[in-house]
Amino acid sequence: MLAQRRILLIIGGGIAAFKSLDLIRRLRERGALVTPVLTRAGTEFVTPLSVSALAGEKLYSDLFDLTDEAEMGHIELSRSADLVLVAPATADLMAKMAQGHADDLASTLLMATDTPVMIAPAMNVRMWEHAATQRNLATLRADGITVVGPNEGDMACGEFGPGRMAEPLEIVAAVERALAEGPLAGRRVLVTSGPTHEPIDPVRYIANRSSGAQGAALAAALRDLGAEVIFVTGPARVPPPAGVTVVPVETAQEMLVAVESALPVDAAIFAAAVADWRMAQASDRKMKKTKGGSLELHFAENPDILATVSRLEADRPALVVGFAAETDDVIENAKAKRQRKGCDWIVANDVSHATGIMGGQENDITLITGDGAEDWPRMGKADVAARLAARIAEVVTGA
Ligand code: C5P
């Protein structure tokens, strides 16, 4: 997805610089071209040789650049990239950027560039929380710089808190988002998918036959249109697509929490087959066989995630899409469901046993919108996904 995209990677002087070596590999695995720049302090943490060997390109640094002006000036170097990425961005580098200093190669490049800039801060927790750093952060954000991380956790200095550099794969995902092309570039879309598992006891659960195929195909199609996709998935058989943010959940209640924390989004697609019921009280011990051979289970109703999001006052996505798996009177039931749940569209399909849709490769759908019902020809789930994603993009972008 990053094929032939050029990243100018500035490696600052912090212990997290070791992760930047892995970051270079991950970016290159995805086809990106990485031009590395190492600050003077950065050379204290990683060697110029390992950086340039992994990047497969010449390294630029204050130690070596004296002759480079003839080959490539800093202006050209700073502008030849699609993105300038600073990882790790130390407190000092952030301060220089916020103030507009240009007293070494890295800060000069950052001042001279006209391409988008992303930083992955990494520093001690106190330094991160310091008023000066937070002031600089606000300035950098206001200047249009994208910030990824930092994460919370144990730090090399022995303290705990926010300040750890984001993991290389998180940074790669942010880079992919920043460089995404397509009608949904810069838009956030939520997709729920898969079944839910509702525990009966520690070893048993109630589930359904959803494979997660349609949800995964939709997430991939929306990603291909450039969207940032938050993929909240129950335990599905079909693996999640690459290049989306996967939030794994088990139960309907967990799914609701994950969905609520993903908001706000531009569109939300509820393709999950959520269990309507859970055990009123799941047993914390394995239930034993009884002599008489009968067992009574007491159920409680699960939250309706689609209806909850459709009825939000604040943060309601501009487009909310539900699915209706029906076995009889598909269109009538789906139209009633659209009204009842308060969503914008319902993707209705007939999952009666004979159709082979649930768990199968194909889907036969009717799209119910405010304007009526559209019957689509039977087609592969990937084709349904591509067509639906294109329609979603039209609404989200107002095209
Ligand atoms: O009511 P029914 O389960 O048929 O509705 C299906 C639609 O509602 C699907 O889009 C499904 O993802 C969503 N749903 C939900 N939470 C529930 C039940 C269904 O989001 N508890």
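The centres of domain 1 and domain 2, taken over C-alpha atoms, are separated by 39 Å. The model is a predicted one. Domain 1 covers residues 6-178 of the chain, and domain 2 covers 188-397.

Consider next an open sheet built from eight strands. Read across the sheet, the strands follow the order 13-12-9-14-17-18-20-21, and their pairing is mixed. Strands of a sheet pair through backbone hydrogen bonds, in either the parallel or the antiparallel sense. Why is one side of strand 13 and one side of strand 21 left without a neighbour in the sheet? Strand 13 (245-248) and strand 21 (372-375) stand at the edges, and each has a single partner strand, so one side of each stays unpaired in the sheet. Between neighbouring strands of this sheet the average turn is 15°, with direction ignored.

At the strand 13 edge, the pairing can be followed in detail. Strand 12, residues 228-233, pairs with strand 13 in the parallel sense, over four bridges. Within this pairing, T233 is found opposite P248 of strand 13.

The aromatic side chains come next. How many aromatic pairs are there, if ring centres must lie within 6.5 Å of each other? The count is zero. Two rings do have a charged side chain over the face. K58 lies over the face of Y60, 5.4 Å from the ring centre. R391 is placed over the face of W345, at 5.8 Å from the ring centre. Both cases meet the rule that NZ of Lys or CZ of Arg be within 6 Å of the ring centre.

Key. Residues numbered from 1 in each chain as written. Predicted model: local features only at pLDDT ≥ 70, side-chain atom pairs only at ≥ 80, totals over all residues. Heavy atoms only, no water. Pairing = 2+ DSSP bridges. Helix = DSSP H or I, 4+ residues; strand = E, 2+ residues; numbered from the N terminus. Axes fitted to C-alpha atoms, helices over the stretch in contact; angles between N-to-C directions. Phe/Tyr/Trp six-rings, centres within 6.5 Å; stacked < 30°, edge-to-face > 60°. Lys NZ or Arg CZ within 6 Å of the ring centre and 35° of its normal. Domains from an automatic or database assignment.
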